[in-house]
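Work through these exercises with the structure open. Each task is followed by a solution in steps.

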Amino acid sequence: MSARLADSDARLVCRDLACTMGRRTLFAELAFGLDDGQWLRLTGDNGSGKSTLLRIVAGLIRPNAGEVVWSGARRRAGDPAWHAVMLYQGHATGWKELLSARENLLQQALLDLGPTLDAGAAVDGALDRVGLGRQRHLPFARLSAGQRRRVGLARLAFSRRPLWLLDEPNTALDTDGQALFAALLDAHLAAGRCAIVATHLEVPTAHAGVTLRLSPPTAVSRA
């Protein structure tokens with residue numbers, strides 16, 4: 001299945017990706033490409049391989065076949081330079097329960113923005129933007145499910161990484177949160193960056209996205 005021709009001119013190119021789990025094929029010969037300013041909405045039934053595909057693109061696991069190419073160079077699992085290009089947010093957010101929302105984000109901002117920018121000001125501005133200004137010093141463990149999701153949105157608000165890989169980022173968000181996520185994604189795309197977003201929900205962006213639906217896995221025949 002192909003979201004668009006995976007040509008060599010696209011910024012992100014995934015060619016002939018294949019992945020099996022046990023005796024089941026999640027996907028095979030999967031190919032798509034994204035140019036600057038484009039995003040892909042990844043959908044499909046539970047267990048169809050959406051999270052696995054994101055982790056393959058992120059270089060966290062290796063595919064059984066195929067390759068991921070960014071800006072003309074092949075990217076491999078475990079490559080620190082590749083990890084520095086992307087912002088990956090999976091189901092497990094990785095936030096520390098005992099640290100405050102601000103403390104959690106400040107650690108990430110120092111990685112994302114580097115020492116040359118005022119990470120504290122960037123984090124405070126992002127928390128205000130996502131409606132967590134009053135909760136900035138609360139431990140992450142005390143935040144509601146929706147507020148926890150908004151901490152993830154705050155990271156998007158200050159990120160300058162050119163590729164976002166997001167796994168269900170708009171789950172547990174209210175209507176305002178859904179609109180906020182769409183606005184953050186639009187700003188990211190307008191800056192000439194790209195994204196893959198796994199979600200069952202519609203995202204009301206000004207930038208039309210390509211939808212790729214993964215089919216349920218099939219059994220691998222054993223000769």
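**Exercise 1. The surroundings of H3**

What covers the buried residues of H3?

Solution. This is a predicted model. Start with the helix itself: H3 runs over residues 101-113. Next, list its buried residues: Ala101, Asn104, Leu105, Gln108, Ala109, Asp112 and Leu113. Now look at what lies over them. The cover includes strand E6 (86-89), helix H4 (119-129) and helix H5 (145-158). One general point helps in reading the list of buried residues. An α-helix has 3.6 residues a turn, so residues three or four places apart point the same way.

**Exercise 2. The span of H3**

Compare the expected span of helix H3 with the distance between its end C-alpha atoms.

Solution. Count the residues: H3 has 13. The rule is 1.5 Å times one less than the number of residues. For H3 this gives 18 Å. The end C-alpha atoms are 17 Å apart, which agrees. Then step past the end of the helix. Gly114 follows H3, and its phi is positive, near 80 degrees.

**Exercise 3. H3 against H4**

Describe how H3 and H4 pack, and sort the residues of their contact by class.

Solution. Take the geometry first. The angle between H3 and H4 is about 125 degrees, and their axes are 9 Å apart. An angle between 115 and 145 degrees counts as oblique. Therefore H3 is oblique to H4. The crossing is right-handed.

Now find the residues. H3 contributes Ala101, Arg102, Leu105, Leu106, Ala109, Leu110 and Leu113. H4 contributes Ala119, Gly120, Ala122, Val123, Asp124 and Leu127. Sorted by class, the contact of H3 with H4 has ten nonpolar residues, one polar and two charged.

**Exercise 4. H4 against H5**

Do the same for H4 and H5: give the angle, the handedness and the residues in contact.

Solution. H4 and H5 pack at about 125 degrees, with 8 Å between their axes. That angle makes H4 oblique to H5. H4 passes H5 in a right-handed crossing. From H4, the contact uses Ala122, Val123, Ala126 and Leu127. From H5, the partners are Ala154, Ala157 and Phe158. By class, the contact of H4 with H5 has seven nonpolar residues, no polar and no charged ones.

**Exercise 5. Ser100**

Is Ser100 buried or exposed? Which residues is Ser100 in contact with, leaving aside its neighbours within four places in sequence?

Solution. Locate Ser100 first: it sits in the loop between E6 and H3. Its relative accessible area is 6%. Buried means under 20%, so Ser100 is buried. With the neighbours within four places in sequence set aside, Ser100 is in contact with Arg136, His137, Leu138, Pro139 and Phe140. For a sense of distance, take Ala31, 69 residues from Ser100 along the chain. The C-alpha atoms of Ser100 and Ala31 are separated by 41 Å.

**Exercise 6. Positive phi outside glycine**

Place Glu29 and Ser71 in the chain, then give the phi and the exposure of each.

Solution. Glu29 lies in strand E2 (residues 24-34). Glu29 is not a glycine, yet its phi is positive, about 50 degrees. Its relative accessibility is 62%, so Glu29 counts as exposed.

Ser71 lies in the loop between strand E4 (65-70) and strand E5 (73-75). Its phi is also positive, near 50 degrees. With a relative accessible area of 43%, Ser71 is partly exposed.

Key. Residues are numbered from 1 along each chain as its sequence is written. This is a predicted model: local features need pLDDT of at least 70, side-chain atom pairs count only at pLDDT 80 or more; totals for chains, interfaces and linings use all residues. Side-chain values use heavy atoms; hydrogens and water are left out. Helices (H or I, at least four residues) and strands (E, at least two) are DSSP runs, numbered from the N terminus. Buried means under 20% relative accessible area, exposed over 50%, partly exposed in between (1.4 Å probe, protein chains only). Contact means heavy atoms within 4.5 Å. Axes are lines fitted to C-alpha atoms, for helices over the stretch in contact, and angles run from 0 to 180 degrees between N-to-C directions. Angles under 35 degrees count as roughly parallel, over 145 as roughly antiparallel, 65 to 115 as roughly perpendicular and the rest as oblique. A crossing is left-handed if the near helix is turned anticlockwise from the far one by less than a right angle, and right-handed if clockwise. Ala, Val, Leu, Ile, Met, Phe, Trp, Tyr, Cys and Pro count as nonpolar, Asp, Glu, Lys and Arg as charged, and the others, Gly among them, as polar.
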